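Work through the two exercises below with the structure open beside you, and try each task before you read its solution.

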Amino acid sequence: MALSNFLTELDALLDEATDAFAAACDAAALEAARVQFVGAKSGRLKAVQKGLGKVDKADRPAAGKRFNEVKQAIESAHQAVVERLASASRPAATARCVDPTVPGDCCRLGRLHPITQTIEELKEIMGRLGFSVVDGPEVEDQWHNFEALNIPPDHPACNPLENFYLDQGSAGGERQGDKETRRQGEIAATASSLSPPLPVSLSPCLPVSPSFLLRSQTSTVQIRAMERMRPPVRIISCGRVYRPDTADATHYPMFHQIEGLLVDRGVTMADLKSTLRLFARSAFADDVHIRFRPSFFPFTEPSVEVDMSWADGWIEMGGAGMVDPNVLRAVGYDPEEFTGFAFGLGIERICARRHGIADIRELFKNDVRFLHQF
Ligand code: FA5
């Protein structure tokens, strides 16, 4: 056999064996490749070795030398894959060198949103003044949002452009009786699916005013609380309210209010003012002043705007007043026996003042770099 033919056969074998070992992805595939190329009995290297005796005698030393080199290269390729598979099956912790002096990964702790923090603090302050916390639904019926609060259906405050009414679908083509029956079913289903469920049976206006809306004020909870309780009533409620207001530095279409209500015998405006003064001093600082400006809310009489003052001037925080006798009557209280005060303040404005936030829109951008400061 010519030397060149023998060497060509050897080189081809080396290439094939190297590729086969490199492709082996587990021990079984590697062993199959080993048997095929370097198996003691029928391996292909053994077969090529037999051809060595047929090479011309003068060329045999060169052929033998090259054979040994190729044999060694194939065995090294096999050994490299043995090691690769062994290290892949070792547990990562032992494979990797641990340096205990390297500082650990810093894991940022989450925190409550500044509005939630403010609400928790306001609840705590009012709790110390003897007020307990109640909640009401954000989806409201017209009775609680308007009518029981002495706001008649034709009042501008009920205007669809001033509120987020829920789309309850069109009932076109139905007979009036069918329409009413279907509406009652929808109302009952919607009311009971809310959390907490709307007390349909307690809502005298539902059959005649079935529209639902996102509540526009937490004053709704005054009504819900008085429907459930007998005086003395001393509650606060904090939560989201919705109005189609244009967003600016002090307004947002979704914002939070804290509502306060105290009903008992002999409650006066003096009680309202001292309660709000104590509240303001606890929430802000001892040197904060409050002032009442005459105003109008259908559910309080007299009504006032509540301003608070700092070095840079007065800021409007909310509304307040003595509960209107019509509201007391709507929930079955005798206005000759009981009087009460109520107030509703904007929580974004309180939060902004406490933290020096110039624009309340920052609170709702969900920028963690901003939120992380509180
Ligand atoms: C009311 O909502 C009355 N329910 C308050 C009330 C309760 C009066 C009980 C009497 C008795 P008013 O619409 O003024 O009132 O809102 C109260 C406060 O909510 C405002 O002073 C302001 O601080 C805040 N506020 C109102 N609209 C927005 C808004 N779009 N974005 C942020 N805060 C707002």
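**Exercise 1. Find how strand E2 is joined to strand E4, and place both in their sheet.**

Solution. In this predicted model, strand E2 and strand E4, which covers residues 212-214, run antiparallel and are joined by 3 bridges. To locate one of these partnerships, start at Asp-141 and look across to E4, where its bridge partner is Phe-212. Next, widen the view to the whole sheet, which is open and consists of 3 strands in the order E2-E4-E3, with antiparallel pairing. The edge strands are E2 (139-141) and E3 (164-165), each of which pairs on one side only.

**Exercise 2. Describe where the ligand sits and which residues surround it.**

Solution. Begin with the site itself: the ligand sits in the largest pocket. Strands E6 (254-264), E9 (313-323) and E10 (339-346) are the elements that each give two or more residues to the shell around the ligand, and E9 gives the most, with 5 residues.

Then turn to the residues, of which 25 lie around the ligand, with Gln-217, Ser-219, Arg-243, Asp-245 and Glu-316 coming nearest. Sorted by class, this shell has 9 nonpolar, 11 polar and 5 charged residues.

Now look at single atom pairs, taking 3.5 Å as the limit for a polar contact. A side-chain N or O atom of Ser-219 is 2.9 Å from a nitrogen atom of the ligand, while for the side chain of Arg-243 the distance from such an atom to a ligand oxygen is 2.8 Å. A ligand oxygen is also 2.9 Å from a side-chain N or O atom of Gln-257.

Finally, consider the cover: of the 680 Å² of accessible area that the ligand has on its own, the protein covers 94%.

Note on methods: Residues are numbered from 1 along each chain as its sequence is written. This is a predicted model: local features need pLDDT of at least 70, side-chain atom pairs count only at pLDDT 80 or more; totals for chains, interfaces and linings use all residues. Side-chain values use heavy atoms; hydrogens and water are left out. Two strands pair if DSSP finds at least two bridges between them. Helices (H or I, at least four residues) and strands (E, at least two) are DSSP runs, numbered from the N terminus. A residue is near a molecule or strand if one of its heavy atoms lies within 4 Å of it. A polar contact is a pair of N or O atoms within 3.5 Å; within protein, one must be able to donate a hydrogen and the other to accept it, and residues adjacent in sequence count only if both atoms are side-chain atoms. Accessible areas come from the Shrake-Rupley method with a 1.4 Å probe; for residues, only the protein chains shown count as cover. On a 1 Å grid over the protein atoms alone, a cavity is a set of points where a 1.4 Å probe fits but cannot get out, and a pocket is an open set with protein on both sides within 12 Å along at least five of seven lines; lining residues have an atom within 4 Å of a point. A molecule sits in a cavity or pocket if more than half of its atoms lie within 2 Å of its grid points. Ala, Val, Leu, Ile, Met, Phe, Trp, Tyr, Cys and Pro count as nonpolar, Asp, Glu, Lys and Arg as charged, and the others, Gly among them, as polar.
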